[in-house]
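Trainee: Can we go through this one together, starting with how the helices pack and then moving to the ligand?
Mentor: Sure, pull it up and ask away.

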Amino acid sequence: MLIERLKLNDFRNYESLLLRPDSGLNVIVGENAQGKTNAVEAIFLCAFGRSHRTAKDAELIRAGFAGGYVGMDIQAKSGSRTIEIKLKSGERKQIFIDKLMAKRTGELMGALNAVMFSPEDLELVKGAPAERRRFMDMELSQLRPAYYYTLQRYNAALRQRNALLKPDAKADMNAVRQQLYIWDEQLSKTGAEIMRMRAEFVQRLGLIASRLHRQISGEREALLVRYAPDVDIERMGGGDAEAALSEALYNGALDDIRRGYTGAGPHRDELELNLNGTNVRVFGSQGQQRTAALSLKLSELELIKGETGESPVLLLDDVLSELDEPRQRALLEAMSDCQTFLTCTTLEGLKRAGLKGINAWRCAAGTLTRE
Ligand SMILES: Nc1ncnc2c1ncn2[C@@H]1O[C@H](COP(=O)(O)OP(=O)(O)O)[C@@H](O)[C@H]1O
Ligand SMILES: [Mg+2]
């Protein structure tokens, strides 16, 4: 995929920007707090329908202004497309695909495939299980828009069920239990679908990640990625995810009422990362954790390439300087056939890594000019 034109108006610290990126590597170089991350954030927004660093769209609008705009022309195998996002303070953002307003954010999924690498990727390995669930959710949504809708339905049902479990609604236990069952059915159906898709995704991702990790670590480390659903499908449902989830919800109803929230289901799933037989999150060194995070992200990239038959746009925000040589090499190799946006504070590291003919923009106070 190729971004041919990027236009920003009153987005973060950009008053207006019109950029015609190169089809290969685009370096955005500049000092801190000039707008480098803001530029890649705009691209991320068009790919995922949300920012990678805030859930509050209002923060994306240039301070003191009532609205903002991000637009881009994309060239993909399936044809060319225009994506536009209009931000208005106090209102929901509007998404336009080829000038037609999307009814739901989900319509955006897959229109622009992008993979972002940033220093925060380490959280994927070190952070709480929620980080790894979010990783599965975002990647699956890009690959399978149906997943995004199913997840939305699951989350909506979960919110409704949890609302019934709020302390003030506990008056009559039996009445509450009856009402819970209404939501259990929808949760089991959508939850089972989520579990099936996650299991399949992790299996394929895991194979690639093991291979890449072995390469990057110089054959020294074996990374094993395993989907660990909160509800044990084999034990509870004899292999049937819906039956397993339904049983877990039924059995847990009294505990849920006591606790005030739903205790079992894919909202508690985990993605296990084992290195040479131990949990890398707990026992891994900083270096091993970094390599594992990089392997996961590179696998995601390879998976998207394999599934869609085209290269996603790469966003590398401040990552290259943090990596040692073998990891840098792995990343630079992966980038060779992708349109890439790379931010950095100096060009020295790139030159040292052997990159020639660097196409760079200087970022200063919300402007980009060719170096
Ligand atoms: N909504 C906004 N309106 C105006 N300026 C903003 C807004 N959000 C962030 N900024 C400014 O953007 C700059 C940070 O940009 P960023 O892209 O994160 O920097 P960097 O170049 O270090 O990646 C800061 O100066 C910050 O004040
Ligand atoms: Mg930055």
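**Helix packing and ligand contacts**

Mentor: Let's start with a pair of helices: α3 and α9 are roughly parallel to each other, because the angle between them is under 35 degrees. Keep in mind that this is a predicted model.

Trainee: At what angle do α3 and α9 pack?
Mentor: Helix α3 covers residues 129-143 and helix α9 covers residues 286-308. Their axes lie 11 Å apart, and the angle is about 15°.

Trainee: Which residues of α3 make that contact with α9?
Mentor: On the α9 side you'll find L296, K297, E300, L303, I304, E307 and T308. The residues of the contact split into five nonpolar, one polar and four charged. From α3, the contributors are F135, E139 and L143.

Trainee: Is α3 parallel or oblique to α4?
Mentor: Helix α4 spans residues 145-164, and its axis is 5 Å from that of α3. The two pack at about 130°. An angle between 115 and 145 falls outside the other classes, so α3 is oblique to α4.

Trainee: How many of the residues in the contact of α3 with α4 are nonpolar?
Mentor: α3 brings D137, L140, S141 and L143, while α4 brings P145, Y147, Y148 and L151. One is polar and one is charged, and the nonpolar ones number six.

Trainee: On to ligand 1: which residue has a polar backbone atom 2.7 Å from an oxygen atom of the ligand?
Mentor: 15 residues surround ligand 1, with A33, T37, N38, I61 and A63 the closest. A nitrogen atom of the ligand is 2.8 Å from a polar backbone atom of I61, and a backbone N or O atom of R12 sits 3.2 Å from a ligand nitrogen. For the oxygen atom at 2.7 Å, the partner is N38.

Technical notes. Residues numbered from 1 in each chain as written. Chains lettered and ligands numbered in written order. Predicted model: local features only at pLDDT ≥ 70, side-chain atom pairs only at ≥ 80, totals over all residues. Heavy atoms only, no water. Axes fitted to C-alpha atoms, helices over the stretch in contact; angles between N-to-C directions. Helix = DSSP H or I, 4+ residues; strand = E, 2+ residues; numbered from the N terminus. Parallel < 35°, antiparallel > 145°, perpendicular 65-115°, else oblique. Contact = heavy atoms within 4.5 Å. Nonpolar A, V, L, I, M, F, W, Y, C, P; charged D, E, K, R; others polar. Near = heavy atom within 4 Å. Polar contact = N/O pair within 3.5 Å; in protein donor to acceptor, adjacent residues only side chain to side chain.
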